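Please find below my notes on the model, set out as numbered points. They are best read with the sequence and the structure open.

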Amino acid sequence: ESEINSSRQSALNFFIDPKAKNIFGWLEWVIMNGFPFSFTTDPLNRFYSNLKRISRNTFMKYMSLVTSEVEKEITKVLPCRIGLLLDGWTDMSTSTHYLAIFAVYQLEGVRQTVLLAFSPLLDETNFNAENHVEFITYTLSLFNKSTEDVIFLVCDNEPLNKRIANILQKPITLQNQSWPLNNQNFKKSWN
């Protein structure tokens, strides 16, 4: 069996461009392990890796290209109407506020949750509801969506989230309550 796998690998290596294989190796290593992007330029990592060196600029170029392709694929699968799950977090050591935005929808009766963004706000000087709404609107635009396509919000019971829901004029479901997808009123909104 190991001989078969070895011969398959040799055949694949014949058809795969070495540069593409190297870039994929770095991308997979960094992304799948949650390493910082600077991982590729660390001398110790380079020393112990069998991958060829890659500059941070080259890595970032391909990271951006992969991101664009992933966004295109997500755009294809998102239905017309979605819910948004919002979760904010502040790194106290750097005072950086992050917002995670997930699309929530049903596909053949099964709830789907897809990460759309996990990033600091566009304006990091003010963490008010208006800046959160600006970030939500921008994120939705990356997937050819608008706030009109959102039928509900799922978030924790913070005054900020209630204000966001009021600005967007969307119903809010608290994270510790039952999911709106199980509610008959929301099921009617999917169409």
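1. Hairpin of S2 and S3. Two residues lie between the strands of this hairpin, and Glu 108 takes a positive phi near 55° there. The model is a predicted one, and the phi value should be read with that in mind. Strand S2 (residues 96–107) runs antiparallel to S3, and ten bridges join the two. One pairing to look at is that of Phe 102, whose bridge partner in S3 is Leu 115.

2. Largest pocket. Leu 115 comes up again here: together with Thr 67, Leu 116, Ala 117 and Phe 118, Leu 115 is among the residues nearest the centre of the largest pocket, which has 17 lining residues. Three elements give two or more residues each to this lining, namely helix H4 (56–77), strand S3 (110–120) and helix H5 (129–142). The space in the pocket comes to about 520 Å³.

3. Overall layout. The chain has seven helices and five strands. In sequence order the pattern is α-α-α-α-β-β-β-α-β-α-β-α. The chain is 191 residues long, and 33% of these residues count as buried.

4. Strand S4 and its neighbours. How many residues of strand S4 (residues 150–155) are buried? The count is six of six, so the strand is mostly covered, buried being under 20% relative accessible area. S4 runs parallel to strand S1 (residues 82–91), with four bridges between them. In this pairing Ile 82 stands opposite Val 150 of S4. S4 also pairs with strand S5 (residues 172–174), again in the parallel sense, over three bridges. Here Leu 153 is the residue opposite Ile 172 of S5.

5. Loop between H4 and S1. Leu 78 sits in this loop. Is Leu 78 buried or exposed? At a relative accessible area of 7%, Leu 78 is buried, because the cut-off for buried is under 20%. The C-alpha atom of Leu 78 is 7.9 Å from that of Tyr 105, although the two residues are 27 apart along the chain.

6. Salt bridges within H4. The structure holds three salt bridges. One of them joins Lys 72 to Glu 69, with 3.1 Å between the closest N and O atoms. Both residues belong to helix H4 and are three residues apart, which is about one turn of the helix. Lys 72 is partly exposed at a relative accessible area of 47%, and Glu 69 is partly exposed at 43%. Another salt bridge is formed by the side chains of Lys 76 and Glu 73, at 3.1 Å from N to O. This pair too is in helix H4, with three residues' spacing and so about one helical turn between the partners. Lys 76 counts as exposed, with 63% relative accessibility, whereas Glu 73 is partly exposed at 43%.

7. Salt bridge between H5 and H6. Which residue forms a salt bridge with Glu 130? The partner is Arg 163, and the closest N and O atoms of the pair are 2.9 Å apart. Glu 130 is in helix H5 and Arg 163 is in helix H6 (residues 159–168), so this salt bridge ties together parts that are 33 residues apart in sequence. Neither residue reaches the cut-off for exposed, which is over 50%: Glu 130 is partly exposed at 38% relative accessibility, and Arg 163 is partly exposed at 40%.

8. Nonpolar surface patch. Leu 44, Phe 47 and Tyr 48 make a nonpolar patch of about 420 Å² on the surface. Tyr 48 belongs to helix H3 (residues 43–48). Why does Tyr 48 count as exposed? The relative accessible area of Tyr 48 is 62%, and the cut-off for exposed is over 50%, so Tyr 48 is exposed.

Conventions:
Residues numbered from 1 in each chain as written. Predicted model: local features only at pLDDT ≥ 70, side-chain atom pairs only at ≥ 80, totals over all residues. Heavy atoms only, no water. Patch = residues over 30% accessible without salt bridge, like charges linked within 9 Å, V, L, I, M, F, W, Y side chains within 5 Å. Areas by Shrake-Rupley, 256 points an atom, 1.4 Å probe, with all protein chains shown as cover. Salt bridge = Lys/Arg side-chain N within 4 Å of Asp/Glu carboxyl O. Buried < 20%, exposed > 50% of the residue type's maximum accessible area, 1.4 Å probe, protein only. Pairing = 2+ DSSP bridges. 1 Å grid on protein atoms, 1.4 Å probe; cavity = no way out; pocket = protein on both sides within 12 Å on 5 of 7 lines; lining within 4 Å. Points joined across faces, edges and corners; volume = space filled by probe spheres on them.
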